[in-house]
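Visitor: Please take me closely through one part of this model, namely the way its interior is packed. I should like each technical term explained where it first appears.

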Amino acid sequence: MRGPTQEPARSPARTYCLTLREEADNNNPGAEMTKDSSLGCAAVAHPVGGFTERKGTNLLKPEMEERLNEQFNLELYSAYLYYAMTAYFESLSLKGFSHWMSLQAQEELLHVSKLFQHINDRAGRVVFNAVEAPPNVWESPLKVMEAAYAHECLVSERINEEVSFALSLNDHTSVTFLQWFVAEQVEEESVADDIVQKLKIIGDNSSALFLLDQELGQRPAVSIDAEAGDA
Ligand SMILES: [Fe+2]
Ligand SMILES: [Fe+2]
C-alpha cells in the first residue's frame, strides 16, 4: 500500500499533461497552451490556473470558451448597467421602477452564474476581465428604458452570433446551452419594450407615471428555478 507521502501513480495522459505544464512554466510562463482534448488536457490550456486532468467529448474548444467568456463579461455588464439604472430611479424617488430594475439586475447575475457553471462543467476556464463602467445619468425614465431595450437587443444579437459560431464548430453542447438564452431574450426584449411604449403614452402626465410606478413595484421576486434552471 502506498504511504501518504508517496506521489500518486500517473496515467500516460496525466504524465503528458504535466510535461506540457512544466514546459510552459519553465519556458514561457503565462503563455496559452494548445488544448489537447484527445488526451483530456483541457486545464493545461490555462497555466494561470490549477491543474486538473479532464477527459470527455464535451470539453470546450478554446475559441468557444473565449466566446462564452465574452458573454460572461457582457452579462456582468448587464447587471452593472441595470444596477446603475436602479440607482438613477432611486434618485428620482420612483421606487416601483427601482424595484423592477433591481430585479432585472438580479436576473442578469443569474445569467452570469449559468455561464460560470457551464464553462466550468466543460473543463473551461472562466476569465475575469474588466467590466465597462455604465452611464450613471439619463434624461428621463423613458430614456432609461429605451437604453435598457437597446441593450437587450444587443445581447440578443451577441447570443445569436454565439449560436452561429457554435454551429460552425459542430459544438451542439454549446448550441443546446445557448438555446436557453435565445428564448430568454425574447422575454427580455418584450418586457423592456412594453415599458417603453407605456412611457411614450404617458408623456408628461405625472399621475400616469405614478400609476406605472405602482404597477412596476408589484413585480414578483426573481425565481431562481426559472432563471437558473437546467439549460
Ligand atoms: Fe442576460
Ligand atoms: Fe437581460
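Guide: The account below goes from the overall fold to the core and then to individual contacts. Residues are numbered from 1 along each chain as its sequence is written, while chains are lettered from A and ligands numbered from 1 in the order in which they are written. This is a predicted model, in which local features need pLDDT of at least 70 and side-chain atom pairs count only at pLDDT 80 or more, whereas totals for chains, interfaces and linings use all residues.

The protein chain holds seven helices and zero strands, where helices (H or I, at least four residues) and strands (E, at least two) are DSSP runs numbered from the N terminus. Along the sequence the pattern reads α-α-α-α-α-α-α. Of the 231 residues, 30% count as buried; a residue is buried with 20 or more other C-beta atoms within 10 Å of its own, exposed with 12 or fewer, and partly exposed in between, the C-beta atoms being placed from the backbone. Contacts require such C-beta atoms to lie within 7 Å. Among contacts between residues at least 6 apart in sequence, 68% join residues at least 24 apart.

In soluble globular proteins, nonpolar side chains tend to be buried together. Here the largest nonpolar core (a set of buried Ala, Val, Leu, Ile, Met, Phe, Trp, Tyr and Cys residues joined through C-beta atoms within 7 Å) has 36 residues, and Met85, Phe89, Phe97, Met101 and Met145 have the most contacts inside it. Two or more residues come from each of helix H2 (62–91), helix H3 (95–121), H4, H5 and H6. H2 gives the most, with 11 residues.

Phe97 links several parts of the chain: apart from neighbours within four places in sequence, Phe97 is in contact with Phe89, Pro141, Asp213 and Leu216. The last two belong to the meeting of H3 and H6, where Lys95, Gly96, Phe97, His99 and Trp100 in H3 face Asp213, Gln214, Glu215 and Leu216 in H6. By class, this contact has three nonpolar, three polar and three charged residues; Ala, Val, Leu, Ile, Met, Phe, Trp, Tyr, Cys and Pro count as nonpolar, Asp, Glu, Lys and Arg as charged, and the others, Gly among them, as polar. The axes of H3 and H6 come within 7 Å and cross at roughly 35 degrees. Axes are lines fitted to C-alpha atoms, for helices over the stretch in contact, with angles from 0 to 180 degrees between N-to-C directions. H3 passes H6 in a left-handed crossing, one in which the near helix is turned anticlockwise from the far one by less than a right angle.

Also in H6 (residues 206–216) is Leu212, which counts as buried because 20 C-beta neighbours lie inside 10 Å. Beyond residues up to four places away in sequence, Leu212 touches Lys198 and Ile202. Its C-alpha atom is 8.4 Å from that of Leu199, 13 residues away in sequence.

H4 (residues 141–168) and H5 (residues 172–202) pack at about 160 degrees, with axes 9 Å apart. They are therefore roughly antiparallel, a term for angles over 145 degrees. Their contact comprises 19 nonpolar, three polar and seven charged residues.

Finally, Val131 lies in the loop between H3 and H4 and is partly exposed, because 15 other C-beta atoms are within 10 Å. Outside four places in sequence, Val131 contacts Asn73, Leu76, Tyr77 and Tyr80.

How values were computed. Parallel < 35°, antiparallel > 145°, perpendicular 65-115°, else oblique.
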